[in-house]
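Subject: Structure handover

Hello,

Here is the structure I said I would pass on. My notes on it follow below.

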Amino acid sequence: CGPADATTVGPDGAKHDVFMSMGATSVKVGVPVTITITSKDGAMHSMTSAELGFNIIVPAATDKADGTVSYTFTPTKTGSFRWFCALPCDTDNAGWDMTSDGTGAGQSNFMAGTITVTA
């Protein structure tokens with residue numbers, strides 16, 4: 001996130017390394033879901049949703065390998081639930097380079113999204 005030589009502009013208008021948006025995702029209540037997250041960034045990240053009961057820590061990438069983690073959970077209730085990266089990872093904006101005003105966990109559309117659980 002945020003290096004001087006980055007060329008990808010995120011929804012916050014700042015330059016970043018590489019990112020891909022997961023966007024909104026739908027899953028079924030009571031059906032196990034496996035999430036695999038790969039980071040090419042040199043900082044740790046997370047995929048956190050208190051409402052769904054997970055805080056997935058994504059390891060930093062190294063010169064030898066991407067940071068990859070898989071996590072399986074079973075949604076127990078229906079609804080639309082927010083997830084976000086809960087770990088400050090940049091030197092700008094008090095560590096929150098996800099938004100221009102440094103709101104961190106309040107960011108949307110970049111390192112954040114929703115998971116909709118249906119019946």
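Which residue of β6 is the bridge partner of Thr48? The partner is Asn55. Before going further, please keep in mind that this is a predicted model.

The hairpin

The Thr48 bridge belongs to a pairing of β5 with β6, two strands that run antiparallel and are joined by five bridges. Together β5 and β6 make a hairpin, and four residues lie between the two strands. One residue of the turn, Gly53, has a positive phi of about 80°.

Strand β5 is largely enclosed by the rest of the structure, because five of its five residues are buried. In a regular strand, side chains alternate between the two faces of the sheet. For β5, both faces are covered. His45, Met47 and Ser49 are buried on one side, and Ser46 and Thr48 are buried on the other.

Ser49

Ser49 belongs to β5, which spans residues 45–49. Its relative accessible area is 1%, so Ser49 is buried, the cut-off being under 20%. The side chain of Ser49 reaches the backbone oxygen of Arg82 at 3.1 Å. Leaving out residues up to four places away in sequence, Ser49 touches Phe54, Phe81, Arg82 and Trp83.

Phe54 and the aromatic residues

Phe54 has a relative accessibility of 3% and therefore counts as buried. With residues up to four places away in sequence left out, Phe54 touches Ile35, Met47, Thr48, Ser49, Tyr71, Phe73 and Ile115. Two residues from that list, Tyr71 and Phe73, form one aromatic cluster with Phe54.

The structure holds three aromatic pairs. In one of them, the ring centres of Phe54 and Phe73 are 4.9 Å apart and the ring planes are at 55°, so this pair is tilted. Phe54 is in strand β6 and Phe73 is in strand β7, so the pair ties together parts that are 19 residues apart in sequence. Phe73 is buried as well, with a relative accessible area of 7%.

The nonpolar core

In soluble globular proteins, nonpolar side chains tend to be buried together. Here the largest nonpolar core has 14 residues. Those with the most contacts inside this core are Ile35, Met47, Leu52, Phe54 and Ile115. The elements that give two or more residues to the core are β4 (33–39), β6 (54–58), β8 (79–84) and β9 (112–118).

The loop between β6 and β7

I also looked at two alanines in this loop. Is Ala61 buried or exposed? Ala61 lies in the loop between β6 and β7 and is buried, with a relative accessible area of 15%. The C-alpha atom of Ala61 is separated by 6.1 Å from that of Ser39, although these residues are 22 residues apart along the chain. Apart from neighbours within four places in sequence, Ala61 is in contact with Ser39, Lys40, Asp41, Gly42, Asp66 and Gly67.

Ala65 is placed in the loop between β6 and β7 (67–73) too. At 40% relative accessibility, Ala65 counts as partly exposed, whereas Ala61 is buried. The C-alpha atoms of Ala65 and Lys40 are separated by 8.2 Å, and these two residues are 25 residues apart along the chain.

Regards

Terms used: Residues are numbered from 1 along each chain as its sequence is written. This is a predicted model: local features need pLDDT of at least 70, side-chain atom pairs count only at pLDDT 80 or more; totals for chains, interfaces and linings use all residues. Side-chain values use heavy atoms; hydrogens and water are left out. A nonpolar core is a set of buried Ala, Val, Leu, Ile, Met, Phe, Trp, Tyr and Cys residues joined through side-chain atoms within 4.5 Å. Buried means under 20% relative accessible area, exposed over 50%, partly exposed in between (1.4 Å probe, protein chains only). Contact means heavy atoms within 4.5 Å. A polar contact is a pair of N or O atoms within 3.5 Å; within protein, one must be able to donate a hydrogen and the other to accept it, and residues adjacent in sequence count only if both atoms are side-chain atoms. Rings of Phe, Tyr and Trp (its six-membered ring) pair if their centres lie within 6.5 Å; planes under 30 degrees apart count as stacked, over 60 as edge-to-face and the rest as tilted. Two strands pair if DSSP finds at least two bridges between them.
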